[in-house]
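Biologist: I would like a close look at a single part of this model. Please take the place where the two chains meet, and keep it brisk.

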Amino acid sequence: MPGRRETAYDALLPGHGEFVRVRISTAGGEVVAFTVQDETLVGDRYVPVVRYDAQHGLPHRDKLNRSGDVVDKVWLPMPNVDALNLGIEDIRTNWQRYKVAFLGGAR
Amino acid sequence: MSVIPAQASVDRQVVAASDAIGRLGLFVRLAWEMPEVMDFFPDKGEVSLREVDIHGHAFYLAAIQPEATGDWVARPSRYALKPGAVPFQRAIPGIDRVPSDQPGWILAIVEAFHASAPTAVEALDALEAALRPAIEEAVRIDLEEIVRRGR
């Protein structure tokens, strides 16, 4: 797509062994694809805990288990940019809760 | 012997982590809100963000390490006037624009102020050390002008 731009930023959260990774594709000022993912350290590797993205044509939120399987999916019928903002705000507010549920889940 | 951190310390870390996610959200929104500002930053890398408040003028500094082995490069990415703060009355030294939250001025400070260092903290410290005196000087000149007019 002409003018398409891909950005990929990772932020390590202070003191928590937690990464938030954001991938955004924009074109003409529009968000055409995105991923916002919260990851936590399990053993010696970072594994995804919760992910917002626009794969499969519609934005959604996935919660994952330690095996990387999606254990909960919520579709978000809204524009990509709104789902991206929602994802960041939800992870900002609830990352601890997601982490506790993730670590307490089946191995 | 392991040491269990005090609850207050844990709470501060939780707040710091949540704040870091908020700053990350603010930074990535540049991708569609002000892509011309994003042109000054690498498209990929680890990012570390800091908010600096200078007399009510908030600057959001971003340090990015494009590759795991490279230096961190830091620049301002956003500016906001905090509630109750006095807006700048004139251009700050070295920049031919009156400060605002508009892309033109953000671009001017992104271009004018930057620093690089082996660690994110060092890069952000160096950028803050360059930015702070210029802003404090601008605030001082503005206050002197306000006092002079009041006489």
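How many salt bridges does the rule find across the interface of chain B and chain A?

Modeller: The rule finds 2 salt bridges across the interface of chain B and chain A. Keep in mind that this is a predicted model.

Take one salt bridge in detail. The side chain of B:Asp43 meets that of A:Arg5, with an N to O distance of 3.0 Å. That value sits within the 4 Å cut-off of the rule. Over all chains, the salt-bridge count comes to 24. As for where the partners sit, B:Asp43 is in the loop between helix 3 and strand 1 of chain B, and A:Arg5 is in strand 1 of chain A, so this pair joins two chains.

Now the extent of the interface. In chain B, 26 residues are in contact with 27 residues of chain A. The area buried between the two chains is about 2,300 Å². Carbon and sulfur atoms give 65% of that area. B:Asp43 appears here again: together with B:Ile21 and B:Trp32, B:Asp43 supplies 30% of the area that chain B buries against chain A. No other three residues supply more.

Polar contacts come next. Between chain B and chain A, 11 residue pairs are in polar contact, counting pairs with both residues at pLDDT 80 or more. On the side of chain B that touches chain A, four elements give two or more residues each: helix 1 (7-28), helix 2 (30-33), helix 3 (35-38) and strand 1 (44-54). Helix 1 of chain B gives the largest share, with 12 residues. By class, this side of chain B has 16 nonpolar residues, 5 polar and 5 charged.

The strands also meet across the chains. Strand 1 of chain A, residues 5-13, pairs with strand 1 of chain B. The sense is parallel, over 3 bridges. In this pairing A:Ala8 stands opposite B:Lys44.

Strand 1 of chain B has another partner, within its own chain. It pairs with strand 2 of chain B, residues 57-65, in the antiparallel sense over 9 bridges. One of the matched positions is B:Val52, whose bridge partner in strand 2 is B:Phe59. These two strands of chain B form a hairpin with 2 residues between them. In the turn, B:His55 has a positive phi of about 55 degrees.

Now the chains behind the interface. Chain A has 1 helix and 6 strands. Along the sequence its pattern is β-β-β-β-β-β-α. The helix therefore follows the strands in sequence order. The C-alpha trace of chain A spans about 45 × 25 × 25 Å along its principal axes. Its radius of gyration is 14 Å, which agrees with the value near 13 Å for a compact globule of 107 residues.

Chain B has 5 helices and 4 strands. Its pattern reads α-α-α-β-β-β-α-β-α. The C-alpha trace of chain B spans about 65 × 35 × 25 Å along its principal axes.

Back to the part you asked about. Strand 1 of chain B pairs with strand 1 of chain A and with strand 2 of chain B. B:Asp43, in the loop between helix 3 and strand 1 of chain B, forms the salt bridge with A:Arg5.

Terms used: Residues are numbered from 1 along each chain as its sequence is written. Chains are lettered from A and ligands numbered from 1 in the order in which they are written. This is a predicted model: local features need pLDDT of at least 70, side-chain atom pairs count only at pLDDT 80 or more; totals for chains, interfaces and linings use all residues. Side-chain values use heavy atoms; hydrogens and water are left out. Contact means heavy atoms within 4.5 Å. Buried area is the accessible area (1.4 Å probe) that two parts lose on being put together, summed over both. A polar contact is a pair of N or O atoms within 3.5 Å; within protein, one must be able to donate a hydrogen and the other to accept it, and residues adjacent in sequence count only if both atoms are side-chain atoms. Ala, Val, Leu, Ile, Met, Phe, Trp, Tyr, Cys and Pro count as nonpolar, Asp, Glu, Lys and Arg as charged, and the others, Gly among them, as polar. Two strands pair if DSSP finds at least two bridges between them. The radius of gyration is taken over C-alpha atoms; the globule rule is 2.2 Å times the number of residues to the power 0.38.
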